[in-house]
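This is a walk through one structure, taken strand by strand and then residue by residue. Keep the sequence and the coordinates at hand while reading.

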Amino acid sequence: FSINMSQLQLEDELGKGAYGTVRKVLHKPTNVAMAMKEIRLELDDSKLNAILMELDILHRAVAPEIVEFYGAFFIESCVYYCMEYMDAGSLDKLQAAGVPEDVLGRITGAMVRGLKFLKDELQIIHRDVKPTNVLVSRRGGIKLCDFGVSGQLEKSLAKTNIGCQSYMAPERIKGESQNNIGTYTVSSDVWSLGLSMIEMAIGRYPYPPETYANVFAQLTAIVHGDPPELPEHYSDDSRDFVARCLHKVPELRATYAELLDHPFLRADRKRSVDIAKWVEEALEHRDRKMAEERQAKMLQDTVSA
Ligand code: ADP
């Protein structure tokens, strides 16, 4: 079936991304809660149709580890993209206290299976693996979103600067600087996976911007420095797993099949992990932090008034 704006009842804003806003909506005909992403583009209608056609492949992206796609439409020069609503939001907002090893194992397993599915079944490379693009539900679901299905859409996005958090593999950073964008392979996603795991473990981006004088220095560290590691209190298996992802040489990184067969993920499949319970605690922690920040800001405003 196809979705259009008149069927949708707009609800809360869920977040703002680099290219637009994500809102919760209710699809009235089916009574299904959805997340609607608005992507602002600058281009003509013929290209918009090409984008919608390319997005159509998403109807085939049905797997337990992939956020379900319901449909897309455009109004003027905005694409509206409707997907499954994930009621605990993205991982970047849940990881602040650091993700314990058993939960990290469960999340990593889901990410690897999702990425392998995209590659094997749909010949899609994700291209934007990072905690923001892993969505979680209170029931314990863990799913990937925001993968690069539409070359046309990618080209039409208003190119903003790289920003201060790059999950790009060293070979991509080098390639971009040589204007050689054709070098993207699956192994670049494996690098981003390893980096995301460290971020989840320590609760912050592994190359903290405050350590570097500028973005250039930070990118230099990614390209020329030693890859980061999981902290020492994580098991040898988990640390080895991350090291297998974060090889500077792309050809030496593990494949998805090798990662699934790694002791770290084999152990995960043997134990029971209560993700729903962890999500509940992480949401509480997040809300407490937000309340504290609000209070601190109010105090500051009163002092400076
Ligand atoms: P980015 O451009 O940084 O990847 P997005 O525009 O994809 O961010 O999303 C912005 C925020 O909206 C996310 O951080 C997340 O919290 C929220 N969000 C995105 N998609 C969904 C969804 N399907 N369900 C619930 N929340 C979502």
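Two strands are taken to pair if DSSP finds at least two bridges between them. The model is predicted, and the pairing described here is read from that prediction.

Start with strand β3, residues 32-40, which takes part in two antiparallel pairings. On one side of the account is strand β2, residues 21-27, joined to β3 by 6 bridges. The other partner is strand β5, residues 78-84, which is joined to β3 by 7 bridges. Ala-35 can be followed through both pairings: Lys-24 has Ala-35 as its bridge partner in β3, and the bridge partner of Ala-35 in β5 is Met-83.

The connection between β2 and β3 is a hairpin with 4 residues between the strands. Asn-31 sits in this loop. Its phi is near 60 degrees, a positive value in a residue that is not glycine. Most residues other than glycine have a negative phi. Is Asn-31 buried or exposed? Asn-31 has 7 C-beta neighbours inside 10 Å and therefore counts as exposed, since the limit for that class is 12 or fewer.

A second positive phi is found at Arg-127, with a value of about 75 degrees, although Arg-127 is not a glycine. Arg-127 belongs to the loop between α2 (101-122) and β6 (134-136). Because 18 other C-beta atoms lie within 10 Å, Arg-127 is partly exposed.

Next comes the ligand. Which residues come nearest to the ligand? Of the 20 residues around the ligand, these are Gly-15, Gly-17, Val-22, Ala-35 and Met-86. Ala-35 is thus both a bridge partner of Met-83 and one of the residues that come nearest to the ligand. Strands β1 (8-16), β3 and β5 each supply at least two residues of the shell, and β1 gives the largest share, 3 residues. By type, the shell divides into 10 nonpolar, 6 polar and 4 charged residues.

Finally, consider Lys-37, which is found in strand β3. An unreviewed UniProt entry places the feature "binding site" at Lys-37. Why does Lys-37 count as buried? Lys-37 has 22 C-beta neighbours inside 10 Å, and the class of buried residues begins at 20. Leaving out residues up to four places away in sequence, Lys-37 touches Gly-20, Val-22 and Tyr-81. Of these contacts, Val-22 is also listed among the residues that come nearest to the ligand.

Technical notes
Residues numbered from 1 in each chain as written. Predicted model: local features only at pLDDT ≥ 70, side-chain atom pairs only at ≥ 80, totals over all residues. Near = placed C-beta within 6 Å. Nonpolar A, V, L, I, M, F, W, Y, C, P; charged D, E, K, R; others polar. UniProt positions renumbered as here; feature names shortened; annotations may be inferred. Contact = placed C-beta atoms within 7 Å.
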